[in-house]
Amino acid sequence: MKNLWLHLKPKNIFFYFLALVLLSCFVIFSTVNERGRLKPRVFERPRLTVQYKINCTAIYEMDPVELGKTLAIRNQKSYVGPNDEAVVNSTSDCDQFMSQGYDMIQGSEFEREFPLAYSLVVHQDAALVERLLRAVYMPHNIYCIHYDLKSSDDFISAMKGLARCIPNVFIASNLERVQYAGFSRLKADLNCLSDLLDSEVKWKYVINLCGQDFPLRTNAELVSDLKELKGRNMVESKWPGGKQWRWTYHHLLKDSNSEYYSSPVITSEMKSPPPHNIAMFVGSAYFTLSREFVFFVNQSSLASDFLAWSEDTFSPDEHFWATMIRVSGVPGEVPSSDPEISELASKTRLVKWWSLEERFYPPCTGVRVREVCIYGSAELRWLLNYGHWFANKVDPKVDPVLMECLEEKLAEKRLQREV
Ligand SMILES: *[C@@H]1O[C@H](CO)[C@@H](O)[C@H](O)[C@H]1NC(C)=O
Ligand SMILES: *[C@@H]1O[C@H](CO)[C@@H](O)[C@H](O)[C@H]1NC(C)=O
Ligand SMILES: *[C@@H]1O[C@H](CO)[C@@H](O)[C@H](O)[C@H]1NC(C)=O
């Protein structure tokens, strides 16, 4: 042993020493961590970019070797995020919860003088909701969470925990049993909107989000884009085309507990035309609306008549906003004679439809579910450069690396702005 020691060169001795120091640090660190375990800890997510040494800048640069690593990870299909109970546990001590990053988030003066509101309509995967919330969170903004009355008890407790711990996050005062393509989907957002109008925070714009959305812009970037709108809304609004049946016939609203995705059923009974001679337009459920517009919708009898008429239509969320922004005299009005506002023109949401791939954008590199792409890592660059504000759909179970890289790139942009 002694001989061996003598044979070692001074340089090597240095490295053995270093290794020893690192080892003791690790032991001390683990002991502290062990003690920390007595307190509720913030749940840990798998960090695959760390575990597999993935370089997000190289992903962004479309480096084939780096992209190959993400494919290998995806093929393992091994991503398991924290469950709802872990989120509930982590919010049992709010000081501890907030100290894991939320209390460090703050906006610049430029952002604080232009507060935003969010309506989050969510029903499952609390850890994913928390991740989305964290990505868009600013303590001077205001966030309404609408959970589904059908959601699990753990999910509901987790949402209540987030609302209890995080300042300016609250649960909608009225909750719906949300039915796919039903009126309740629209109602969920409306419930949040009226609560948001009552809030102390005098927000300028409101954006709605669902569980598989993710931001492509920092809060500061969003604020500067929204300032340029000068009071206009950002909503898709097109001619009805083949979608007239959605409101020409009365739809039967089935509400069943068991069928999670039961949707309104068409009948042969004709409906009356829309009230007040309103010209119909179609778009999507996603919106970015000015406070003045939301206030108008809340107060106007035309809006409430149109809303009541929409109750037995198919997917009213996809024509209510698209139509309302065209009504003569609304704040930020888009005249009904104006050209269509396609989803490519409306920056609110970047959705990749199978039918438009190759024509308008490169093919989906994730997986397609019901015609819509759940993005893959090879789309990181496209997503960030397209110019839209939010992506749909993003899911770590499909590609865990994409979401981590989006988070990393947004964090880099925030830092660049600070210096
Ligand atoms: C990540 O990749 C970029 C671009 O390929 C490269 O410039 C950078 O040095 C890499 N960073 C690390 C930590 O390897
Ligand atoms: C949550 O906390 C309870 C009680 O402390 C514990 O039994 C349970 O294992 C925890 N669950 C998770 C997922 O951490
Ligand atoms: C308008 O908003 C208030 C709260 O600000 C709410 O009580 C009321 O129900 C809303 N009305 C409509 C028609 O949404």
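By class, the shell around ligand 3 holds 2 nonpolar, 3 polar and 1 charged residues. Here Ala, Val, Leu, Ile, Met, Phe, Trp, Tyr, Cys and Pro count as nonpolar, Asp, Glu, Lys and Arg as charged, and the others, Gly among them, as polar. The model is predicted: local features need pLDDT of at least 70, side-chain atom pairs count only at pLDDT 80 or more, and totals for chains, interfaces and linings use all residues. Residues are numbered from 1 along each chain as its sequence is written, while chains are lettered from A and ligands numbered from 1 in the order in which they are written.

Leu 190, Ser 194, Leu 197, Asp 198, Asn 298 and Ser 304 surround ligand 3. A residue is near a molecule if its C-beta atom, placed from the backbone, lies within 6 Å of it. Helix 11 (residues 183-198) gives the largest share of this shell, 4 residues. Helices (H or I, at least four residues) and strands (E, at least two) are DSSP runs, numbered from the N terminus.

The other two shells are set out below.

| Ligand | Residues around the ligand | Classes |
|---|---|---|
| Ligand 1 | Asn 55, Thr 57, Ala 58, Glu 61 and Asp 63 | 1 nonpolar, 2 polar and 2 charged residues |
| Ligand 2 | Asn 83, Glu 85, Ala 86 and Asn 89 | 1 nonpolar, 2 polar and 1 charged residues |

Next comes a helix pair. Helix 9 (residues 126-136) packs against helix 10 (residues 153-165) at an angle of about 25°, and their axes are 10 Å apart. This makes helix 9 roughly parallel to helix 10, a term for angles under 35 degrees. Axes are lines fitted to C-alpha atoms, for helices over the stretch in contact, and angles run from 0 to 180 degrees between N-to-C directions.

Which residues of helix 9 meet helix 10? They are Ala 126, Glu 130 and Leu 133, and they meet Phe 155, Ala 158, Met 159 and Leu 162 in helix 10. Contact requires C-beta atoms, placed from the backbone, within 7 Å. The residues of this contact divide into 6 nonpolar, no polar and 1 charged.

Last, the strands. An open sheet of 3 strands runs in the order 5-12-9, with mixed pairing. Strand 5 (213-215) and strand 9 (349-351) are its edge strands, each pairing on one side only. Neighbouring strands of the sheet are turned by 30° against each other on average, direction ignored. Two strands pair if DSSP finds at least two bridges between them. Strand 5 and strand 12 (residues 390-392) pair in the antiparallel sense over 3 bridges. Pro 215 stands opposite Phe 390 in strand 12.

Definitions and conventions: Angles under 35 degrees count as roughly parallel, over 145 as roughly antiparallel, 65 to 115 as roughly perpendicular and the rest as oblique. Two residues are in contact if their C-beta atoms, placed from the backbone, lie within 7 Å.
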